[in-house]
Amino acid sequence: MRNNLKSVLAVLLCMAFTNQVKAQNNQLVHFNKAPLKQDVFIQLPLGSIKARGWLLKQLEQQRDGATGMAEQLYAEDDNLGSNNDWLGGKGSSWERAPYYVKGLIALAYTLDDQKLKEKAQKYIEWTLNSQQPNGLFGPPKMKDWWPRMPMMYALQSYYEVTNDKRVLPFLTKYFKYELANLDADPLKEWGKSRAADNMEIAIWLYNKTGDDGLLTLVNKLKAQAYPWIDIYNNNQFYYFGDDFQPKHMVNVAQALKFPAIYAQLDQSPVYLKAMMNGVNHIMRDHGQPEGLGSGTEFLAGTASIEGVETCTVVEWMQSLETAVRIIQDVKIADNLEKVAFNALPAQFSRDFKNHSYYTLPNQVQSIHGEHGFNQDYSSGVVSSPYSGYGCCRYNMHMGWPYYVKNSISATPDHGLAILTYGPMEVETKLNNKRIKILEETDYPFEDLIRLKITTDENIKFPLVLRIPAWSISPTVKVNGALVKGARAGTLLTLNREWTNGDRVELQFPMEISGQKQVNNSISIERGPLVYALEIKPENKITKTHPVNGFNDFEIRPASPWNYGLVLNRNNIKDAAKLVKSEMPGNPFDAAKSPVKLVFKAKKIPSWTLAYNKVSAFDVPFSPVNSEETLEEVTLIPYGAESIRLSCFPVIGESQKTSSKLTEEFNTQMPNDWVFYGGGWFWKDGAVHAASNAGSGGFGINGSKIVANATKFGDLDFQASIKVNTDGDAGLMFRVSNPAIGPDAYQGYYVGINPTTGTIELGKATGLKWISIQAQKYTFQKNRVYQLRVVAKGDQFSVYVDGMEKPIIIAKDKDYSAGSIGLRTYKAQATFDSVKVKKV
């Protein structure tokens, strides 16, 4: 009976607070107080912005799918069961319940859904009542700063929509406890990685209370966190040896907001520019077509068969949502939309009942099996409520609701800023006058956005509008009159007196374009949407779950996928035919896609599934020759498919380097070198194979970086090599079909092993390593050696440190030509001064 009474009280409190929302919203916007950066945009209270149209459909599917049914799907004590530790039980939910509540409460109040509010309220009530006299809150046995951080986001959202008087004193007391105890119990692991979450809420509270101790806390958190400023500015993700935290892609995405958050205290360029420097480094070395970096779970390079984790997608989005309000760089919002409209829907089934832990740019099937990722899960790309590891099934719920709540912000000069677009409406007060803006659009599936102003009385305020950088000749009209100054890549401010019924029309013409991707392939874009080959899926239920309507699916292609596009890279728009149809309720349903592109293409018969028969081989290096019949293929939005091809080869005559190559690694990672398994990074004028500590995939034992733009037969190949640990490292040559895995390639390898005192020449075939010849030689760890191989026909000679006579002379005729590369086997190593020439 006591538990029932508690539930009833929680519901009554929830209803009472909800009824107060509209009256209180205007009181809850507090701009930055001195000494913080003053020109920062601020979130409107949760619930001020409502979704409409296709965007509302995504939220409704969340409600009816994985979010609304989460407590039934994950009913164990250690997850979201009624006996979990965030409801006072014996379970160990740790981060899972806070993750879930963070997204749940945002969804509940964006939809104004009473049942979802009640689900959230029981967690809010328990959390607020859990605070100890010293200020600590949450499960008493949980000795970790990190899981409290996402719960504080939930409390922030809850306060802004309810004005519950308990929240600010609660957070004040906790932050005093934290400040007093961080020296004795400093941040570690996940908390050390994700301190920006803590810092953001502390600054938010400072703007409510003016307590200077909160800024002291922010500085202490910054000092104890990983050095994200240096990491982003100087591409140092792999600089931490066996500590995997700074290369863990969820951490990297989550900490992207770190520099912007701290830039509110110190506006030095080193802080203001760090985030975009980091994004640029990530996209250069690990970028994927859908707008963010790969991570499985660690930064994983540019290969089209590496994936991105659902947690990474939603954390990348939140970081950009925070940063764009502070820095107000249009490129940040452009990137945010690209991720939201492509990567986010791609992670989910069309009904939001399932997700995929990882999604891949070229994911031609989704079946159980090992890919060789740094963190590998047999269900990692399978569509399931239980895909991969557990974190994403709890964290994913904030993606769409946070996009809505951050699309429109309040400006310090008593205005509004629309930073990202979609069908929605905002209702708030400016200068104590009610204002409502209805945003009517099918954007990003169309280029026209119509804003309708509703107000009880005339009101003067600035309306800031983002003009996307990709837009071709954008126009803005107010009541039919053209506004001057609408330039792509800028923020346009309309500062005028607004009257009830005023209309603003934004036209952002979208041009079909291409972006260079891995192996000189190409991705196709139109506006913020990335397009992928329409592959007919063949779905097979592999498991039925106790919760009705929730199943696991394996998805295989029922139509060909191995196509290259026939086009001129300099004139892509003329190679495509745009096909539009009626806007459906859910535009991310492939069968009903409202926008399609038709291209000429040819099949590439040699491009097949890889050795493991789970994924495809990486996209072949373009141009690729094909004698197949010319066909038409259809591309649809990336987010509308569960299997896809988005890195396309271009058909043509091969242009691979075949005479000579010199690479000194003087400034950065080399162009057109792709790594397969493990991690590779640039430092101090050399390229390094990273530590794989903390990894669990079979691919990590043999990490390869291959210059896929090369093709050598008879060659003279040398490089300087330093093996830093146990294991071996060396040179690959005549390589084809590289994939993830120690011996997942066809070609030769010669490596040195200081631990065993051995130099060995061998080959990989059929996922097996075959030794051709080995010799003893005294090598030392951490010493540089010059390794050289000369291959002429079936004759091989191997030299060390300029010796006149080869240490190995051998013969083999399996492979006659292919790419060159570098490889390690269970080792960290350093490579420099690569020189290859045809002989």
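Domain bounds here come from an automatic or database domain assignment. On that basis the chain of this predicted model splits into domain 1, covering 67-224, and domain 2, covering 660-838. The C-alpha centres of domain 1 and domain 2 sit 49 Å apart.

What links the two, then, is worth a look. The largest nonpolar core holds 263 residues, and Phe599 and Leu822 are the ones that touch the most other members. Helix 4 (residues 96-111) hands over the largest share of this core, with 11 residues. Both domain 1 (67-224) and domain 2 (660-838) chip in residues, so the core lies between them. As general background, nonpolar side chains in soluble globular proteins tend to be buried together.

Next comes the sheet work. Seven strands make up an open sheet, running in the order 27-30-39-32-33-34-35 with antiparallel pairing. Strand 27 (673-676) and strand 35 (768-776) are the edge strands; each has a single partner strand, so one side of each goes without a neighbour in the sheet. Ignoring direction, neighbouring strands of this sheet are turned by 20 degrees against each other on average. Within the sheet, strand 32 (residues 728-736) pairs with strand 39 (residues 818-825) in the antiparallel sense, over 6 bridges. Alanine 729 faces threonine 824 of strand 39 across this pairing.

A hairpin turns up as well. Strand 28 (residues 680-683) and strand 29 (residues 686-689) pair in the antiparallel sense over 4 bridges, and 2 residues separate them in the hairpin. Lysine 683 has alanine 686, in strand 29, as its bridge partner. In the turn, aspartate 684 takes a positive phi of about 55 degrees.

Finally, there is serine 626, found in the loop between strand 23 (595-603) and strand 24 (631-637). Is this loop residue buried or exposed? Its relative accessible area is 6%, and buried means under 20%, so serine 626 counts as buried. The side chain of serine 626 also has polar company on the backbone: the oxygen of lysine 603 is reached at 2.5 Å, and the nitrogen of glutamate 628 at 3.2 Å. Leaving aside residues up to four places away in sequence, serine 626 touches Lys602, Lys603 and Ile651. Lysine 603 thus shows up twice around serine 626, as a touching residue and as the owner of the backbone oxygen that the serine side chain reaches.

Notes. Residues are numbered from 1 along each chain as its sequence is written. This is a predicted model: local features need pLDDT of at least 70, side-chain atom pairs count only at pLDDT 80 or more; totals for chains, interfaces and linings use all residues. Side-chain values use heavy atoms; hydrogens and water are left out. Two strands pair if DSSP finds at least two bridges between them. Axes are lines fitted to C-alpha atoms, for helices over the stretch in contact, and angles run from 0 to 180 degrees between N-to-C directions. Buried means under 20% relative accessible area, exposed over 50%, partly exposed in between (1.4 Å probe, protein chains only). A polar contact is a pair of N or O atoms within 3.5 Å; within protein, one must be able to donate a hydrogen and the other to accept it, and residues adjacent in sequence count only if both atoms are side-chain atoms. Contact means heavy atoms within 4.5 Å. A nonpolar core is a set of buried Ala, Val, Leu, Ile, Met, Phe, Trp, Tyr and Cys residues joined through side-chain atoms within 4.5 Å.
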